Amino acid sequence: MNETVLDDMKVIVFQLKDEEYGVEVEQVRSIERVQHITRVPSTPDFVEGVINLRGVVTPIIDLRKRFSIDGLEHSESTRVIIVTVGAMDVGLVVDAANDVIDIPRDAIEPPPVVVGGLEAEYIRGVAKLEKRLLILLNLDKVLNPDELDEMQEIEGKL
Amino acid sequence: MEKNQYLEMFIDESTEHLQAMNDHLLKLETTPDDFSIINEVFRSAHTLKGMSATMGYEDLASLTHQMENVLDAIRNDKLTASSELLDVVFEAVDDLEAMVNDIAEGGEGKRDVQLVVAKLVKLEKGEGVDEVAATKELEKIDGNEAHVYDDFELTVLTQSKEQGFYAYQLDISLREDVILKAARVFMVFEVLEQVGEVIKSTPTVDQLEEENFDLTFSVTIVTKETEQDVHARVMKVSEIDQINITTINTDEQKYVQENSSNNEEKNTEKDKETSSTEVNNDKQVHEEKVTPSANKTIRVNIERLDSLMNLFEELVIDRGRLEQISKDLKSSELTETVEHMSRISGDLQNIILNMRMVPVEQVFNRFPRMVRGLAKDLNKKVNLDIIGAETELDRTVIDEIGDPLVHLLRNSMDHGVETPENRLKIGKPEESNITLKAYHSGNHVFIEVSDDGAGINREKVLQKAVSSGVVSEENGTSLTDKQVYELLFSSGLSTADEISDVSGRGVGLDVVKNKIESLGGNVSVNSTPNEGTIFSIQLPLTLSIISVMLVEVQAEIYAVPLSSIIETAIIKKEDIMAAHNQKVIDFRGSVVPLLNLTDFFDVPTTKEEDEYLSIVIVRKGEKMAALVVNSFIGQQEIVLKSLGKYLTNAFAISGATILGNGQVALIIDCNALIK
């Protein structure tokens, strides 16, 4: 019994377009409804802005835009997942956050090589659960501030 | 003894004493015959020695002890306080500082001080005062009859007596058939430590543990118990033959010491004198310590003040919110209450900010030493005047301005003032003056570093600026003197012909400028050839709560710090002129570039263009710019918050704040808008 517990990983499941993604529960601080977002000028386009999260100014990024999926108007189901990476808190705008599940570690496979390119870096693995396919994100990569600077430079050049 | 409990106090007080020593030594150098100063230094050194020995920092104690000997020799006219001698003493103080810092950072305070100690010993021996050897001989006297105490132990004895403790000497003999001598000794010590504190034992504890003694040993303790009690308690340890307890009289003790040293050379006589004066000194120090508490001050951990400040910031945000609500509801009772609360929290804010204020002295007081050292290295004669050291600044600012000031001072010493020969040649006094001045003005504190040196060479700066590509040659000639001087703050510009160790290592005044600007201040320079240069730093009193003007840009709200606003105005569209693709306006006779924030920040347009434009005139130093906004909301006190680690370099945004309605507004960094 204990062994299975050890081998399980608790993840928060959220939706982007038609696909389901997962982040480890340990990295998630809270899930919020969308509130007023203050736009921050001259930042990359996926940075939505900042919100007041109980007195703390917290940056918000739009994961759809981050992964170059075409944007969607915020709706009733839109959620902001506040995650902690290193010492920083960042909010991720997702289409919906609907589940917390345990997945056995041995169900996780490395990201398919064929995908290649930029995006594969953001994926830590893919979990196969019966009929669902869950993409596990590598948040350290997704939220790397250095990369933010680089993107800003590239955009500046354009 | 629980060490941690006292560690903080020890570090604070040691730092104070070290600073006092530094100050007094500097004074001593100018007036070497002033005995009152030597006494001050001596007193500091002595207290430091006592404290560090109590805390168990042996290296610290031994170095101070050695220093004390030299100081004592000066005091007794055996040595003169020459510059060379003081160099060594200063070196020792540096070592002490390093050790105290090490302790403060959680280290053991260990440091190889042999070199300095050797130097001090040499100095001391220069006059044949061989106190060290004498003291050692004293310690060697192995007495079962009566202990001989060194200065420190005597002090402890005297002080504990003052506090109502008894001091006993116990001569303990074990039974002849004792099997485990060391174990018995250990048990005796354990019993004694329950009732009081062991001051001294003969033979030493180490020797006792190694069973390096016959059957008798003696221990000196201070305790509140009576003689009989102690006797009874110790007798409970088995295999003890007999105990002799004698009460120690400290006065007699001195007598004993005198007696035992009678056979010694005359020098020891000196030692005795020292020990008695030291005891006096210690009393004085003790009394001094009492005075501040009579002053009704307490030491508060800075972290507590910080968390108080954080809580207050939350309160300010809620205050803004309440003000907004009361405005919307228009209930007179609510408005009244909220206004009252605003006034009270305003007072509270003043008190909290004041509590966090510390005098700039904290930063300034290390400069005399630095200047003295540098002047020697550079072969220059420099007199440093410090004015307004009592001026107060927020602690966070204080922590940051040290380095920029060091840089400016070094700069003045290296580039500013001339060598004594050159000064004499042009008819200036040989000694040059550098003045460090701090003063309050409005919501700002100004710090000025001025010298009476050669001033800035316009041509040299220009030449350098042109060759390093900071300005073009044509532009250069049209610049005013002041503009040329400002070029010194651009990166990659050092006017020193040769790179010296002191300044001009490529990291120039631009570092100073960046630092000061990151603190929300600014720095400027002015100079008159052959009369000197003056660097002026303007700093805000506090960093965390600032006054801003809230403005609306389309549907978004931005905050502009009041400190950079000159005025607001409404202009007609036809007043806008164009100068080489740049829109400008004529503002009170000067041409000011116009910057439309809607375009600059890519704000989505939601409002129709009006015939009239609202503008905010902001400045950076002498330069101005007009920011076009849609409307002014009003002035407000806001709490500065950072955008977080993820968004570190949003251009022209210095931070964010939370408004009364709970939304975030961005604060415009006017310094970045004006080049």
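**Entry 1: what α13(B) packs against**

I started with the buried residues of α13(B), which pack against α14 (332–355), β12 (545–553), β20 (631–639) and β21 of chain B. This is a predicted model. I listed the buried positions: B:M309, B:F312, B:E313, B:V316, B:I317, B:R319, B:G320 and B:S326. Charged B:E313 and B:R319 are in that list.

Next I checked the length of the helix. α13(B) has 28 residues, and at 1.5 Å a residue they should span 40 Å. The end C-alpha atoms of α13(B) are 40 Å apart, so the expected and modelled spans agree.

I then looked at what follows the helix. B:K330 comes after α13(B), and its phi is positive, near 55 degrees.

**Entry 2: α13(B) with α14(B)**

General note to self: two packed helices are described by the angle between their axes and the distance between the axes.

I looked up both values for this pair. The axes of α13(B) and α14(B) come within 10 Å and cross at roughly 160 degrees. The cut-off for roughly antiparallel is over 145 degrees. α13(B) is therefore roughly antiparallel to α14(B). The crossing of α13(B) past α14(B) is left-handed.

I wrote down the contact residues. From α13(B) come B:L305, B:L308, B:M309, B:F312, B:L315, B:R319, B:L322, B:E323, B:S326 and B:L329. From α14(B) come B:L334, B:T335, B:V338, B:M341, B:S342, B:S345, B:L348, B:Q349, B:I352 and B:M355. By class I get 13 nonpolar, 5 polar and 2 charged residues in this contact.

The spacing along each helix made me recall a rule. An α-helix has 3.6 residues a turn, so residues three or four places apart point the same way.

**Entry 3: α13(B) and chain A**

Which elements of chain B each supply at least two residues of the side that touches chain A? I first took the totals: the contact takes 23 residues from chain B and 21 residues from chain A. The elements that answer my question are α13 (302–329), β21 (653–658) and β22 (664–668) of chain B. On that side of chain B, I find 13 nonpolar, 5 polar and 5 charged residues.

So α13 of chain B turns up again here. β21 does too, having been listed among the packing partners of the buried α13(B) residues.

**Entry 4: α3(B) with α5(B)**

I turned to a second helix pair. Helix α3 (residues 58–75) and helix α5 (residues 114–125) of chain B have axes that come within 9 Å and cross at roughly 20 degrees. Angles under 35 degrees count as roughly parallel. α3(B) and α5(B) are therefore roughly parallel to each other. α3(B) passes α5(B) in a left-handed crossing.

The contact uses B:L63, B:Q66, B:M67, B:N69, B:V70 and B:A73 of α3(B). On α5(B) the partners are B:V116, B:V117, B:L120, B:V121, B:L123 and B:E124. I count by class 9 nonpolar, 2 polar and 1 charged residues.

**Entry 5: α2(B)**

Helix α2 (residues 35–55) of chain B has 21 residues. From first C-alpha to last, α2 reaches 30 Å, close to the 30 Å expected at 1.5 Å a residue. α2(B) is mostly covered, with 15 of its 21 residues buried. Just after α2(B), B:G56 takes a positive phi of about 85 degrees.

**Entry 6: a lysine in α22(B)**

Is B:K513 buried or exposed? I placed B:K513 in helix α22 (residues 509–518) of chain B. B:K513 has 22 other C-beta atoms within 10 Å, so this lysine is buried. Leaving aside neighbours within four places in sequence, B:K513 is in contact with B:F489 and B:V523. I also noted B:I537, which is 24 residues from B:K513 in sequence and 9.2 Å away in space, C-alpha to C-alpha.

**Entry 7: positive phi outside glycine**

I checked two loop residues. B:H580 is not a glycine, yet has a positive phi of about 50 degrees. B:H580 sits in the loop between β15 (577–579) and β16 (582–587) of chain B. It has 5 C-beta neighbours inside 10 Å, so B:H580 counts as exposed.

B:D602, also not a glycine, has a positive phi of about 55 degrees. I found B:D602 in the loop between α23 (597–600) and β18 (612–620) of chain B. B:D602 counts as exposed because it has 10 C-beta neighbours inside 10 Å.

**Entry 8: chain B overall**

Chain B has 24 helices and 22 strands. Of its 675 residues, 33% count as buried. Among contacts in chain B with a separation of 6 or more, 68% join residues 24 or more positions apart.

Terms used. Residues numbered from 1 in each chain as written. Chains lettered and ligands numbered in written order. Predicted model: local features only at pLDDT ≥ 70, side-chain atom pairs only at ≥ 80, totals over all residues. Axes fitted to C-alpha atoms, helices over the stretch in contact; angles between N-to-C directions. Helix = DSSP H or I, 4+ residues; strand = E, 2+ residues; numbered from the N terminus. Parallel < 35°, antiparallel > 145°, perpendicular 65-115°, else oblique. Left-handed = near helix turned anticlockwise from the far one by under 90°. Contact = placed C-beta atoms within 7 Å. Buried ≥ 20, exposed ≤ 12 C-beta atoms within 10 Å, placed from the backbone. Expected span 1.5 Å × (residues − 1).
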